[in-house]
Amino acid sequence: MMILHKFSEMRVHLVPKLSKCVYKGRFEIWPSKEWELESIHSFEVLQMVREHLSAVIGCRGNANVTDTWVTTKIQRLRLCRLYAASILYGYFLKSASLRHFLERVFSISNFNIGGQGQSRLPVSEIFSVESNVIGCVGQMSQENLRFYVMGFDQEMIQMCAKPKSIEAMNLIERHSCALFGDEVTGLLETDDVITTSFASLKRFLLEAVDFGSFLWESENSVSDVYMLDEN
């Protein structure tokens with residue numbers, strides 16, 4: 001419900017069951033709500049989201065309107081996998097962004113405040129209202145998020161991309177089944193090839209990235225109150 005509420009705040013409706021959006025083999029989503037879906041991301045994150053979309057659907061981020069409405073063909077199974085992968089990518093970016101921010105902030109504690117003779121600030125004072133450390137954050141030489149993430153090894157990528165709770169994993173699976181699965185079995189309804197535009201494909205996967213981002217936020221909020229099962 002928290003995720004649905006976040007989408008409703010943007011006035012964006014989640015795409016319904018795919019079979020309800022496909023007419024005579026054509027899958028289109030209108031209105032695109034592209035601006036709303038991109039608005040939740042910082043500039044750095046948005047650049048990485050656009051790179052992800054460009055890589056998976058082959059449409060340039062600066063493509064003109066005519067190019068984005070060019071049609072392409074895609075198998076339903078591949079579309080399902082791209083959607084799930086984009087959810088995990090949104091989750092990964094949220095986790096990596098927080099890690100990036102915290103590392104920048106905590107690196108300030110390595111400096112002596114007010115001269116060499118003074119001791120370093122304790123962690124508890126770094127985020128205090130009175131501390132001038134917070135004001136220094138914006139003046140720091142900041143490493144670009146993209147280059148920061150490129151320095152991750154496989155273990156770190158896995159740590160940021162893997163949902164921390166079984167509940168979050170189950171939600172991704174249930175949501176994917178609701179979109180692509182048969183109402184009775186939950187399995188993929190059909191693996192036929194559908195026709196869609198790059199604009200609709202981008203809209204669909206942008207939704208998935210946002211879903212992953214909201215999932216990360218919701219998981220952390222819920223875990224503050226309830227004990228979730230570790231994934």
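User: In this predicted model, how many bridges join strand 2 to strand 4?

Analyst: Happy to help with this predicted model! Strand 2 covers residues 26–27 and strand 4 covers residues 193–197, and the two run parallel. The number of bridges that join them is two.

User: Which residue in strand 4 is the bridge partner of Phe-27?

Analyst: Let's start from the pair of strands: strand 2 holds residues 26–27. Looking across to strand 4, the bridge partner of Phe-27 is Thr-196.

User: What is the order of the four strands in the open sheet?

Analyst: A good way in is to begin at the edges. Strand 1 (22–23) and strand 3 (71–75) each pair on one side only, as edge strands do here. The pairing in this open sheet is mixed, and its strand order is 1-2-4-3.

User: What angle does the direction of helix 12 make with that of strand 4?

Analyst: Helix 12 spans residues 198–223 and packs on the sheet. There it touches strand 2, strand 3 and strand 4. Its direction makes an angle with that of strand 4 of about 95°.

User: Which element gives the largest share of the lining of the largest pocket?

Analyst: This pocket holds about 360 Å³ of space. Among the 16 residues that line it, those closest to its centre include Met-1, Leu-171 and Leu-215. Helix 1 (2–9), helix 11 (166–180) and helix 12 each give two or more residues to the lining. The largest share, five residues, comes from helix 12.

User: How many residues of that lining are nonpolar?

Analyst: Let's sort the lining of the largest pocket by type. Two residues are charged and three are polar. The nonpolar residues number 11.

Key. Residues numbered from 1 in each chain as written. Predicted model: local features only at pLDDT ≥ 70, side-chain atom pairs only at ≥ 80, totals over all residues. Heavy atoms only, no water. Pairing = 2+ DSSP bridges. Contact = heavy atoms within 4.5 Å. Axes fitted to C-alpha atoms, helices over the stretch in contact; angles between N-to-C directions. 1 Å grid on protein atoms, 1.4 Å probe; cavity = no way out; pocket = protein on both sides within 12 Å on 5 of 7 lines; lining within 4 Å. Points joined across faces, edges and corners; volume = space filled by probe spheres on them. Nonpolar A, V, L, I, M, F, W, Y, C, P; charged D, E, K, R; others polar.
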